[in-house]
Amino acid sequence: MLRMKAAGIDAFGGEVQLLELAAPAPPAPDEVVISVRAAGVGNWDEIVRVGGWDVGRRPPLALGVEAAGVVAAVGEDVTSLAPGDAVLTHPLPLRHQGAWAERLVAPAALVARKPAAVPWAEAAAFAVPALTADQALTEAAPVRPGEWLLVHGAGGVTGELAVQLAVARGATVVATAGPSSAARIRGDGAHAVFDYHDPEWPTLVRNATPSGRGVGTAVNAVRGGAATALQTVADGGHLATITGDPPSPERGVTVANIYVRADGARLAALVAALADGLLSLHVGATFPLADAATALQGAVTGRAAGATVLTLEGISSDAADHK
Ligand SMILES: NC(=O)c1ccc[n+]([C@@H]2O[C@H](COP(=O)([O-])OP(=O)(O)OC[C@H]3O[C@@H](n4cnc5c(N)ncnc54)[C@H](OP(=O)(O)O)[C@@H]3O)[C@@H](O)[C@H]2O)c1
């Protein structure tokens with residue numbers, strides 16, 4: 001059986017290690033096989049590692065739920081993509097293995113073309129935070145032009161993309177960020193940035209809004225931060241949290257608990273905005289596949305400001321190129 005190199009776990013809760021896994025079979029009619037160039041690493045991969053997020057496959061399991069690479073083979077019904085195309089994807093539920101591997105199987109409907117202007121590492125780390133930020137703003141709390149909107153945790157990759165998307169939709173954005181991120185978030189178009197280290201920040205946010213009413217919508221991207229973000233929301237407003245900590249609704253505020261959903265069409269629109277410079281993503285650290293455990297540790301502890309990426313270029317492969 002043909003094998004491929006991967007990084008992942010042989011049991012839920014196990015250490016991240018290099019694995020030799022079966023390479024994918026030829027793709028099913030709706031699938032593509034991607035030769036992975038780079039894959040994103042996020043603290044959500046830690047949730048997969050310990051068995052807290054069902055990605056559709058059990059160990060032995062390559063971790064990773066987002067990647068960029070080159071199409072190696074397409075199924076017989078796939079007309080939108082061809083071998084050689086540069087692509088990115090968040091392909092859940094997994095059809096074969098996770099993204100920290102030489103080959104990734106994805107339904108063509110969950111794959112977007114990578115514009116040439118977007119570097120591999122940026123493309124690899126883009127799908128999950130971009131789709132999450134977009135879905136938080138679109139589905140749970142639709143943003144209207146002129147609306148006041150808070151992003152709590154704008155210094156992080158997902159929070160910063162939420163700021164950029166909300167600014168692009170005409171919202172007046174206020175944000176929380178630490179001192180080293182504040183200037184960057186202002187540069188994204190935020191009207192005001194408050195340091196989350198100041199415990200008075202929710203009051204400062206409310207006071208910044210017209211008549212001190214509070215924001216119409218808040219997006220929380222801080223673990224355990226949703227209840228505090230709720231304090232800034234006007235009566236009857238919206239709160240979307242992406243960290244699985246929805247507080248009980250109060251004062252007529254709608255609370256949405258957002259989990260990223262795979263969507264190739266939205267991903268294509270979002271990566272086009274990245275290529276056009278309307279969105280940006282900073283890659284903070286890149287590691288070879290062999291250092292996946294270190295990469296994950298860095299993403300979990302937030303040591304690297306910006307996204308963390310595994311690069312697979314230069315890996316000698318005996319995996320098949322299924323034509
Ligand atoms: N539900 C979903 O589908 C989904 C999808 C994506 C992400 N998430 C979750 O969303 C969270 C953010 O993920 P990410 O990868 O975008 O984050 P990240 O890039 O790792 O963000 C880390 C940054 O957040 C800022 N921060 C840390 N503690 C903070 C606090 N108490 N208040 C405000 N800002 C704080 C810091 O920046 P500064 O100090 O420089 O401001 C830090 O550098 C994670 O918990 C992740 O698991 C969920």
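Here is a friendly chat about the ligand site, the open and closed spaces and some backbone details of this predicted model.

User: What should I know about the model before we start?

Analyst: It is predicted, with local features needing pLDDT of at least 70 and side-chain atom pairs counting only at pLDDT 80 or more, while totals for chains, interfaces and linings use all residues. Residues are numbered from 1 along each chain as its sequence is written, and side-chain values use heavy atoms, with hydrogens and water left out.

User: What makes a residue part of the shell around the ligand, and which are the closest?

Analyst: A residue is near when one of its heavy atoms lies within 4 Å of the ligand. There are 24 residues around the ligand, and the closest are N43, T158, G178, S181 and Y196.

User: Why can the approach of N43 to the ligand be called a polar contact?

Analyst: The term asks for a pair of N or O atoms within 3.5 Å. A polar side-chain atom of N43 lies 2.5 Å from a ligand oxygen, so the pair qualifies. Y196 also places a polar side-chain atom 2.5 Å from an oxygen of the ligand, whereas G178 uses a polar backbone atom, 2.7 Å from a ligand oxygen. Using accessible areas (Shrake-Rupley method, 1.4 Å probe), the ligand alone exposes 940 Å², of which the protein buries 78%.

User: How do you know where the ligand sits?

Analyst: It sits in the largest pocket, which means that more than half of its atoms lie within 2 Å of that pocket's grid points. Helices (H or I, at least four residues) and strands (E, at least two) are DSSP runs, numbered from the N terminus. Those giving two or more residues to the ligand shell are α1 (43-49), α3 (127-140), α4 (157-168) and α5 (179-187).

User: What makes a space a pocket or a cavity, and how much space does the largest pocket hold?

Analyst: On a 1 Å grid over the protein atoms alone, a pocket is an open set of points with protein on both sides within 12 Å along at least five of seven lines, while a cavity is a set where a 1.4 Å probe fits but cannot get out; lining residues have an atom within 4 Å of a point. The largest pocket holds about 1400 Å³, and of its 49 lining residues, N43, W44, T158, A221 and R223 are the closest to its centre. Elements giving two or more residues to this lining include α9 (292-301) and β16 (307-311).

User: How many cavities are counted, and what lines the largest cavity?

Analyst: One cavity of 30 Å³ or more is counted. The largest cavity has about 70 Å³ of space, and its lining includes E160, R184 and H282.

User: What makes S211 stand out in the backbone, and which residues does a cis peptide bond join?

Analyst: Most residues other than glycine have a negative phi, and most peptide bonds are trans. S211 is not a glycine, yet has a positive phi of about 55°; it lies in the loop between α6 (201-208) and β12 (215-220). Cis bonds join P59 to P60, with omega about 0°, and L92 to P93, with omega about -5°. P60 is in the loop between α1 and β4 (61-62), and P93 in the loop between β6 (86-89) and β7 (103-107).

Key:
A polar contact is a pair of N or O atoms within 3.5 Å; within protein, one must be able to donate a hydrogen and the other to accept it, and residues adjacent in sequence count only if both atoms are side-chain atoms. Grid points are joined across faces, edges and corners, and a volume is the space filled by probe spheres set on the points.
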